[in-house]
Amino acid sequence: MLSPYRLLDLTDHRGELAAMILGDLGADVIRVEPPVGSTARQQGPFYSDDSTTEDPLSLQFFAFNRNKRSIALALSTHAGRAEFLRLVASADFVIESAPGGPLEEAGIGFEDLCNVQSQIVHVQVTPYGADGPHANWAASDLTVAAMGGPVSLQGVPEREPVRVSVPQTWRHTGAEAAVAAMVAHRRMLTTGVAQFVDVSAQSAMTWTMLNAMGAAAIQGHDFERQGSLLQLGPISYPLVFECADGHVVIIPNGELFSVLLDWMIDDGVALPAWKHEDWNSYELRVIGGGQVLLPVDDLLDVYRRFTALHTKRELFERGLEIGATIAPVNTVADLLDFPHLKAREFWIDTILPDGKAISMPGAFARSNHGKHEVTRWAPTVDQHGDEIRKESRVRVTTPALDNDRDNEPGGKLPFEGIKIADFSWIGVGPISAKYFADHGATVVRVESTTAPDKLRLVAPFRGEMGIDRSQFFADMNSSKLGLTLNLKKPEAVEVAKRLIGWSDIVFESFTPGILEGFGLGYEDARVLNPEIIMLSTCLMGQTGPAASMAGYGYHAGAVAGFYELTGWPDLPPAGPWMAYTDTIAPRFVASTVMAALDHTRRTGEGQHIDASQLEMSLQFLGPELMDYQLNGHLASRCGNVSRDAAPHGVYKCAGDDQWCAIAVDSDAQWFALCRALGNPAWSQDPVLKTVTGRLAKQVDLNHHISAWTAGQAPAAVAEQLLKEHVPAGPVQRSSDLLRDPQLIHRNFYRYHDHPEIGNAPYAGHQFRIRDYDAGPRTAAPTIGQHSFEVMSELLGLDDVEIGELYAAGAIE
C-alpha cells in the first residue's frame, strides 16, 4: 500500500515500531545508524546462546526491525552528513527518537531537512513532547507510564501500583508514531509543504486509561486500582476466575449465566429451578434494588465453583460451541500453541543466523489483496549500505490535493472531504474512526436505540447514569455525527446501503457474517462503491475456529497474554486497566486504513481489511515470544521488577496513596541517584556499582529508597532526582493529569459542550503537528442526534422520504 514511499529510520528503542509498521505496509524503510550500530541493538532481552556474532542478538531489535534495510553513516563527518542529506532528498518520511538522537547530536534539524526536501514529514518520538516544561526530563518505560496515568489504575490496593511487567510504553508510542506520520503525510498532501510532528509517550500512555482519562472532571473522583475488578459505575465485576490449570477471564453477569446454566447444572453447581429466573434483567434488578433469585455474592460463588472444574482450554472451546465468551489467561507458551492462530497461519517460521528455527508474529492485518508480507528480518549493521549508496531514487514533488485551496499551514483539515460510515461499536472501531473524524473527515456513527453501544452504559457519568451521559462513549466518538437505524427493518437496510454508497470508508465490528446477513458485507459494498475501503475488526479475525468469539478488550487482553503479564507473582493476574487491547489495536487499524486510503487515491482500488485485535496486540510481545523460544524464559507478572535495571519501582510517599516511580537504567544513573540522596552509607557498598549487584540486592535497595521517599511528596521526590537526570515521576491519576503542566502546554484536554454532559474535557491527540492546532473538533453525538441531518443533507432524502422512514421504524 505504501510502496511508492521511502522512510529513513533513526529511532532507538523509543520508536522503532513506527517504521516497522509502515514497512509492513509497503514503505521502503532504511535504518540509518552509526558504524557501531544503533543503540537499539543494545536493548534486552538477548539471545544468550547466539555464538555467530561477538555481540549477542537483541531480541527486541530483531522483533521490531523487520522489513528494513540498514546503512551505516557517521553523521558527524562531512561525507556522512552529505550522504544522509542525499537520502533525505529521496525520502518522504524521517522518523527519529528524541531528545539525544543522532540528528540532534549532528546538529541536523527540521529546517535542514526541508532545505533538501520541501515536502518531508519529520516525526520525533519523545517522552513528553518536543517542548514544554517536561520536555527534557529523564524518562524510562516505568516513569512515563506513571506520569501518563495507567500505573495508578493497575494492581491491588494493598500494594504499590504496577506497570505491565514487560515494557509497553515505547511500543504504544511507536505504534502511535506510525499514525502520526500518516496524518502528517495527508496534511502534506493537503498543504503541499513539509510537516514536523512530535509524538508524546506520556500522552500515548494516558490514552491507555480509556474511561479514566478525565474521570475526575466528570464524576468528581478518580478511578482507583482494584485488581481485576471491572468498574462500570453502578456495578462492578471481578474478571479473573481460577480454573483447573490457571485462570480465565469472564464477565460474570446474568446474560452469561443463562448461557452456561445447563452446563453448570450438569456439573452439579447449579439447580434446574434456576432456569426460571429472568437472567437477562438480573443486573437491572440488582442496581434498582429489585428481587433476585441469587444475591451477587452467591452468583459469583457459583461461577468460581464452575470454572474450578475445568481447564482453560475446555472452558474456551466449549464456550465457543454454546456462545459463551470465556477467555483463557494465556501465557506466551500457550500463544505459540493456540489453535486459532495456527489455523489462520499467523506465525512465520524464521531461521536465525545460527540456524535456530523460531516462530515470529506475522502480519498485523490482511486484506483481500493478501497479507502484508514480511520480506526481510532485522538487518545487520550496514547490510544494505552498498546497494543503497548505488541507488539513484528521485522523489517527485507532489502537488497539493486541491490546487484552489489556501496552501498555507493551518489550512484545510487533512481528511476533510473523506466520508466514513462507522458501523463499529465499543472501542477499537470507534477509536480508529475517531482519528479520521478529529482530523476533518465526515464520520457518521450508526447505532440503534434498541441496542445502543454498550459503552454508553459505562462510567464515568455526569450526574446520574444515562444513555447520553457517559464520557467514556463521548471520548471515543468525538467529532462524529449520530444516526440511529433499526437494521431489522428492510427500509433501514436500504438507508444503510445508501450510506455505504456515499462513503469512502466503512468501519464495522460485527461478529463475522452478521453484516453479510443484512446484505451489507464487502461484496455488497463494492457493488455500491467499487473504490470502497471496508475495515472489519473483531477479537479474533474474520476466519478461523474462534472467529465467532464475541467479547471485549478484557477478553482479548487475556487471550493475548497481557493478563498473565500484569500484577504480582504470588497473586492472581490483575490485568491491565479496562480493555487493554482496545488501546493497542486502533493504532494499527488507523495506520492501515490511512495507507489503504492513500493507495485508493493513487490507484482507484478499494479493499477489505481483516483486522484481528488479537494479532495486532501480539505485535507488542515479539521480544517475549522470542525470549521463551530461544532462552526458555517465560515472561510473567512480577510487579515493577525489571530484569536488567535496579532500583526500579514505585515508592510510597507522604500523603494518602501517593507514589513516585523511580527507574535506574544505567550505572551512571545509579551514581546520580546516590548524589541526590546525599550518598548515604548504605549506597557505598561496592556491590551496588554494577547492575548485577543491584539486581541481587533489590529488596534492600527498595527498603532504603522507600524510607527516603516516605516523608516527601511525590513531586518533591521527582524534582530532586530529575535534577540529577534520574528517571522519576509521580504516579498520576486523572485529577493530576487535568492539571499537569506538560499536558496543559500541549493543550491535550479540549473542552466541548455536550447536550447532556455539559462542558467536559475530551482527551486530545497524542501527537502535535507544527502550525496545526488539532484536537477533538466537537462533542460526541447523543444517540441519533443527527439522523435528520444525515438523511437530508448527506444522503439527499426529501422530507416525505424521511417521514416514511420514521413511520416505518427504520430511523429510531
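How many bridges join β11 to strand β12? In this predicted model, the two strands are joined by 4 bridges and run antiparallel. One pair is easy to find in the structure above: Val 240 has Val 249 of β12 as its bridge partner. Strand β12 itself covers residues 246-249.

A wider view brings in the rest of the sheet. It is an open sheet of 3 strands, arranged in the order β11-β12-β13 with antiparallel pairing. The edges are taken by β11 (240-243) and β13 (327-328); each has a single partner strand, so one side of each has no neighbour in the sheet.

Helices also meet this sheet. Helix α12 packs on it, touching β11 and β12, and the direction of α12 makes about 40° with that of β11. Helix α13, formed by residues 312-322, lies across β11, β12 and β13 and runs at about 25° to β12.

Helix α12 (residues 296-307) has a helical partner too: it packs with helix α10 (residues 254-267) at an angle of about 55°, and the two axes are 11 Å apart. That angle is why α10 is described as oblique to α12. The crossing of α10 past α12 is left-handed. On the α10 side, the contact is made by Leu 256, Phe 257, Leu 260, Trp 263, Met 264 and Asp 267, while α12 contributes Leu 299, Val 302, Tyr 303 and Phe 306. Sorted by class, the contact of α10 with α12 has 9 nonpolar residues, 1 charged residue and no polar ones.

Note on methods
Residues numbered from 1 in each chain as written. Predicted model: local features only at pLDDT ≥ 70, side-chain atom pairs only at ≥ 80, totals over all residues. Heavy atoms only, no water. Axes fitted to C-alpha atoms, helices over the stretch in contact; angles between N-to-C directions. Parallel < 35°, antiparallel > 145°, perpendicular 65-115°, else oblique. Left-handed = near helix turned anticlockwise from the far one by under 90°. Contact = heavy atoms within 4.5 Å. Nonpolar A, V, L, I, M, F, W, Y, C, P; charged D, E, K, R; others polar. Pairing = 2+ DSSP bridges.
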